[in-house]
2 protein chains.
Amino acid sequence: MLVAARELLAERGLEALTMRALAERLQVSPNALYSHVAGKTALIDEILDGVLAEVEAPPADLEDPVAGLDSLMASTYGVLLAHAELVPLFLARQGARGPNAQRLGDVMLALLARAGVTGRRAREALRVLLVYTIGFAAFATRPPIEASGAREPPSAEMLANFDSGLGWLLTGIVSPSR
Amino acid sequence: MLVAARELLAERGLEALTMRALAERLQVSPNALYSHVAGKTALIDEILDGVLAEVEAPPADLEDPVAGLDSLMASTYGVLLAHAELVPLFLARQGARGPNAQRLGDVMLALLARAGVTGRRAREALRVLLVYTIGFAAFATRPPIEASGAREPPSAEMLANFDSGLGWLLTGIVSPSR
DNA sequence: ACCTGAACACCGTTCAAGT
DNA sequence: ACCTGAACACCGTTCAAGT
C-alpha cells in the first residue's frame with residue numbers, strides 16, 4: 001500500500017493521491033484501506049517519514065560539528081528536491097513525524113551540542129534550520145511568486161544559493177549570543 | 001463577500017472556509033458566489049493579498065537599506081503572526097499574488113539594489129527572505145514537530161529568534177560573493 | 001485478519017433558467 | 001448583473017456484514 005501510494009504520487013502528483021484512487025490501483029474497495037492505516041494523514045506521515053530515511057548522516061571522520069550540520073542539511077535539501085512532489089506536504093505537516101524524523105532531529109541536536117549550542121537556543125536553531133531547508137526546497141520546486149519568466153528546474157545555482165544561506169545561518173547560530 | 005470570508009476564517013479557522021459555508025453565511029446559494037469570484041483559489045488570493053496591505057514600509061528617514069529590509073521583513077512577520085490562521089495558506093501559495101505582494105516585492109528589490117545587490121542575486125535574496133519569513137511564521141504559529149512539551153503562543157523570544165536569523169541572512173546577502 | 005456494499009456527510013463547480 | 005435549482009463528479013470515512 002505504501003509503495004502503491006508512492007507510485008501514484010510519482011506518476012500523477014499530489015492531487016491524485018486520493019484514498020479512492022489508491023484503492024482502485026490496488027483493485028480493492030476504498031474502505032478496505034482502513035484495515036491497514038488509520039486515515040489519510042497517517043498514510044501521508046508514513047510516506048514522509050520514509051523519505052527521510054534517504055538523508056545521509058554526516059561522514060564520521062568530520063570533526064567539525066558545524067561542517068556536519070552543513071552536510072546534514074544539504075543532504076536533507078537534496079532528498080527533498082528528489083521528492084519535489086512531496087515538498088508541499090512537508091510544508092503542510094511542518095516536517096515529518098516518525099522514527100526517521102526523530103533520528104534526524106537527534107543527530108542535529110547532538111551536532112549543535114558539540115558546537116556549543118544547547119537548551120532553548122538549540123531547539124530554536126533546529127527550527128530555523130528546518131524552516132530554511134524545507135522552505136527553500138518549496139521555492140526551488142515551484143515557480144516563485146514574482147514569476148518573471150522561465151521556469152527552471154532546480155539548478156546548480158539554486159543549490160549554491162541554498163548553501164550560502166545555510167552558511168550564513170550556521171555562522172550566526174554558533175556565534176556568541178548578544 | 002471578502003469580509004464574510006475573513007470573519008469565517010477568524011471565527012472558525014481554515015477548514016471552515018468552504019464555499020458552501022460562505023454561501024450560507026451570506027444567506028445565498030453556493031453557486032451564487034461564482035458571480036463574484038472566479039473560484040476558491042482566486043478568493044484566497046484576494047484575502048492573502050489584502051492582508052499584505054498591513055505591512056508597513058520602512059520609515060523614510062532610514063538611510064541604511066539593510067536596516068530598511070530588516071524593518072520591512074519584521075513588519076511582514078508581525079502581520080503574518082497577526083493572521084496566524086492564514087499562514088498555512090501563504091505557505092501553500094508560496095506568498096501572495098496581487099497588487100500588495102507586487103508592491104512589497106518592488107520595495108524589497110529597491111532596498112536590495114541600494115545595498116548593492118542586483119540581478120539574479122537580488123531575486124535569490126528576495127526568495128530567501130520570503131521563505132525565511134513565511135516559514136518562521138508557520139513554525140511560530142503551530143507546534144514544532146519535535147513537540148516536546150508546552151505549546152507556547154508566539155513569544156517575544158520567538159520574535160527575537162526571528163530577528164537574529166534575519167540579521168544573519170542580511171549580513172550574508174550583502175557580503176561580497178565568494 | 002481483511003475485505004465488500006452501502007451509506008453518510010461533505011466538497012468545488014457548472015449549467016440552464018429566472019429576475 | 002445577480003441569483004436559484006438541480007445536478008455532476010468527486011472527497012474521506014464509518015458501519016454492518018461477510019470470509
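# Salt bridges, core and interface in a two-chain model

Trainee: How many salt bridges does a search of the whole structure find over all chains?
Mentor: Good place to start, and keep in mind that this is a predicted model. The search covers the whole structure, and its total over all chains is six salt bridges.

Trainee: Which residue forms a salt bridge with Glu11(A)?
Mentor: Look for the closest N and O atoms, which are 2.6 Å apart. Because Glu11(A) lies in helix H1 (residues 2-12) of chain A and its partner in helix H2 (residues 19-25) of chain A, the pair ties together parts that are 14 residues apart in sequence. The partner is Arg25(A).

Trainee: Is Glu11(A) buried or exposed?
Mentor: The cut-off for exposed is over 50% relative accessible area. Glu11(A) has 54% relative accessibility, whereas Arg25(A), at 31%, counts as partly exposed. So Glu11(A) is exposed.

Trainee: Which residues of chain A are linked in a network of salt bridges?
Mentor: The pair we just discussed, Glu11(A) with Arg25(A), belongs to the network. Add one further glutamate, and the members are Glu7(A), Glu11(A) and Arg25(A).

Trainee: Over in chain B, which side chain meets Glu7(B) in a salt bridge?
Mentor: The N to O distance here is 2.5 Å. Glu7(B) sits in helix H1 (residues 2-12) of chain B and its partner in helix H2 (residues 19-25) of chain B, 18 residues apart. Glu7(B) is partly exposed, with a relative accessible area of 36%, and the partner is partly exposed at 32%. That partner is Arg25(B).

Trainee: What is the N to O distance in the salt bridge of Glu11(B) and Arg25(B)?
Mentor: This pair also links helix H1 of chain B with helix H2 of chain B, with their positions 14 residues apart in sequence. Glu11(B) is exposed, having a relative accessible area of 52%. The distance is 2.6 Å.

Trainee: How many salt bridges does the rule find across the interface of chain B and chain A?
Mentor: The area buried between the two chains is about 3,500 Å², with carbon and sulfur atoms giving 62% of it. Two residue pairs are in polar contact between chain B and chain A. For salt bridges across the interface, the count is zero.

Trainee: Which element gives the largest share of the side of chain B that touches chain A?
Mentor: Chain B brings 36 residues to the contact, and chain A brings 36 residues. On the side of chain B that touches chain A, the residues divide into 18 nonpolar, seven polar and 11 charged. The largest share is 13 residues, and the element giving it is H7(B).

Trainee: How many helices does chain A have?
Mentor: Reading along the sequence gives the pattern α-α-α-α-α-α-α-α. Chain A has zero strands, and its C-alpha trace spans about 60 × 40 × 30 Å along the principal axes. The helix count is eight.

Trainee: Which residues touch the most other members of the largest nonpolar core?
Mentor: That core has 115 residues. As an example of the packing, Phe90(A) is in contact with residues including Leu48(A), Val51(A), Leu52(A) and Ile134(A), leaving aside neighbours within four places in sequence. The residues you want are Phe90(A), Met108(A), Phe90(B) and Met108(B).

Definitions and conventions:
Residues numbered from 1 in each chain as written. Chains lettered and ligands numbered in written order. Predicted model: local features only at pLDDT ≥ 70, side-chain atom pairs only at ≥ 80, totals over all residues. Heavy atoms only, no water. Core = buried A, V, L, I, M, F, W, Y, C linked by side-chain atoms within 4.5 Å. Buried < 20%, exposed > 50% of the residue type's maximum accessible area, 1.4 Å probe, protein only. Contact = heavy atoms within 4.5 Å. Buried area = accessible area lost by both parts, 1.4 Å probe. Salt bridge = Lys/Arg side-chain N within 4 Å of Asp/Glu carboxyl O. Polar contact = N/O pair within 3.5 Å; in protein donor to acceptor, adjacent residues only side chain to side chain. Helix = DSSP H or I, 4+ residues; strand = E, 2+ residues; numbered from the N terminus. Nonpolar A, V, L, I, M, F, W, Y, C, P; charged D, E, K, R; others polar.
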